[in-house]
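User: I would like to learn how to read helices, burial and contacts in a protein model. Could we proceed one feature at a time?

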Amino acid sequence: PNHFNNTCCYDNFIYINHYPSKKVKERISNMKKLIILLVFIFLLSGCSNNEEVVNILNWSSYIPNEVIKDFEHQTGIKVNYNTYSSNEECLAKLQAAKSGTYDLIFPSDYLVELLIEKEMIQKLDKTKLNNISNLNTNYLDLEYDPSNVYTLPFLAASVVIVYDEEFVNKEITSYNDLLSSEYFDNIVLLDDQRIIIGMALLALGYDMNDTNDSHIEEAINWLLALKPNIKAFDSDSPKTFMITKETKIGVMWNAEAALAMNEVPSLKVAYPSEGFNISIDNFAIPNNAKNLDNAYKFIDYILKPEVMQRIIEEYPYKNLNIKTQELLSDTYINNIAANIPDNYFNRGLFVKNIDEAILKYDKAWVSIK
């Protein structure tokens, strides 16, 4: 022990004893002051952090990441981006989230109707949108939101049948064509109860929004008859099954079919004779949104023709921006799945809000899957 410097040395280790020197005490005191100062600076910087954000909930595979990054770069607003695969999932996430979690959502037509009814979205202040005149007026003032009080259209979509002529030797024109045993384990369907049960109802000659118990039971039996042919339910990337030739036939959104057709020349698209679902997805702002101005900035940014062009070229749904149409490539324009002709689109059918009858569809979906 070295009693002169108040320390003990054993095998190259140094220990401070219970009675530190005045110099050590000063060092400890200075260290405490430094720590307190650093904590104060950290807290102060945290309190002054006014980072601008916008919290978005949207369909998966709908807006390219590069478009989001460009918005962040141009505006300095950070985008927190979350996704869903069906309108039912969107509603569930909204209902489960804390107040103010989301600033902007993209519900489809029938969900818009339900959200208005439940007072979950707010009226739009269109004076904050400089690019609103770019929207095609044919897709405004529709039945689910007259005068577009609560929403504005983003993109339109249609459900189509896509099939591979390399393996399918006859033209497919009807949902009932899919029941053939030659397509065993070779069909991919959207993982969406309203679309698929609606498809079965149409195949049977009923309305796709039918809530009659016996008709729904018939639809269940129709889908159970189809089930041996179903390889997968997939709403996120059904095109992959067609591109890799894991399936011969798919029932999917038109953009997925269009992307698959660009990869595989032997694919052909069909708009079923019984009818088919069309959908318009919309900009909507939840009632409890915290970052309103930033939500409007994002909407207005998306409505720019060149921005919508970038979105459409990557995710080729039906374009609703009149100024964007002039910018689109021949690849898009000439693809019947992507650039849905108006005479086809006008034959399409909207999924409707069926209120409590949705429980019948929930029960049917469980028995089918």
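Analyst: Helices here are DSSP runs of H or I with at least four residues, numbered from the N terminus. In this predicted model, helix H6 covers residues 213-226, and Leu224 lies in it.

User: What is the mean pLDDT of the protein chain, and over which residues is the pLDDT below 50?

Analyst: The mean pLDDT of the protein chain is 90, with 87% of its residues at 70 or more. Over residues 1-19 the pLDDT is below 50, and this stretch has 14 contacts in the model beyond near neighbours in sequence. Over residues 41-48 the pLDDT is also below 50, and that stretch has zero contacts beyond near neighbours in sequence.

User: How does Leu224 count in terms of accessibility, and which residues does Leu224 touch?

Analyst: The partly exposed class lies between 20% and 50% relative accessible area. Leu224 has 36% relative accessibility and therefore counts as partly exposed. Residues up to four places away in sequence aside, Leu224 touches Ser367 and Ile368. The C-alpha atoms of Leu224 and Lys369 are 8.9 Å apart in space, although the two residues are 145 residues apart in sequence.

User: At what angle do the axes of H5 and H6 cross, and which residues meet there?

Analyst: Crossing angles of 65 to 115 degrees count as roughly perpendicular. The axes of H5 (residues 193-203) and H6 come within 9 Å and cross at roughly 100°, which means that H5 is roughly perpendicular to H6. From H5, Ile196, Ile197, Met199, Ala200, Leu201 and Ala203 take part; their partners in H6 are His215, Ile216, Ala219, Trp222, Leu223 and Leu226. By class, the residues of this contact comprise eleven nonpolar, one polar and no charged.

User: How many residues of helix H9 are buried, and which are they?

Analyst: As a general idea, an α-helix has 3.6 residues a turn, so residues three or four places apart point the same way. Helix H9 (residues 292-302) is mostly covered, with eight of its eleven residues buried. The buried residues of H9 are Asn294, Ala295, Tyr296, Phe298, Ile299, Asp300, Tyr301 and Ile302.

User: Where is Asn321 found, and is Asn321 buried or exposed?

Analyst: Asn321 is found in the loop between helix H10 (305-314) and helix H11 (322-325). Its relative accessible area is 3%, so Asn321 is buried. With neighbours within four places in sequence left aside, Asn321 is in contact with Asn134, Leu303, Lys304, Pro305 and Met308.

Conventions
Residues numbered from 1 in each chain as written. Predicted model: local features only at pLDDT ≥ 70, side-chain atom pairs only at ≥ 80, totals over all residues. Heavy atoms only, no water. pLDDT = per-residue confidence, 0-100. Contact = heavy atoms within 4.5 Å. Helix = DSSP H or I, 4+ residues; strand = E, 2+ residues; numbered from the N terminus. Buried < 20%, exposed > 50% of the residue type's maximum accessible area, 1.4 Å probe, protein only. Axes fitted to C-alpha atoms, helices over the stretch in contact; angles between N-to-C directions. Parallel < 35°, antiparallel > 145°, perpendicular 65-115°, else oblique. Nonpolar A, V, L, I, M, F, W, Y, C, P; charged D, E, K, R; others polar.
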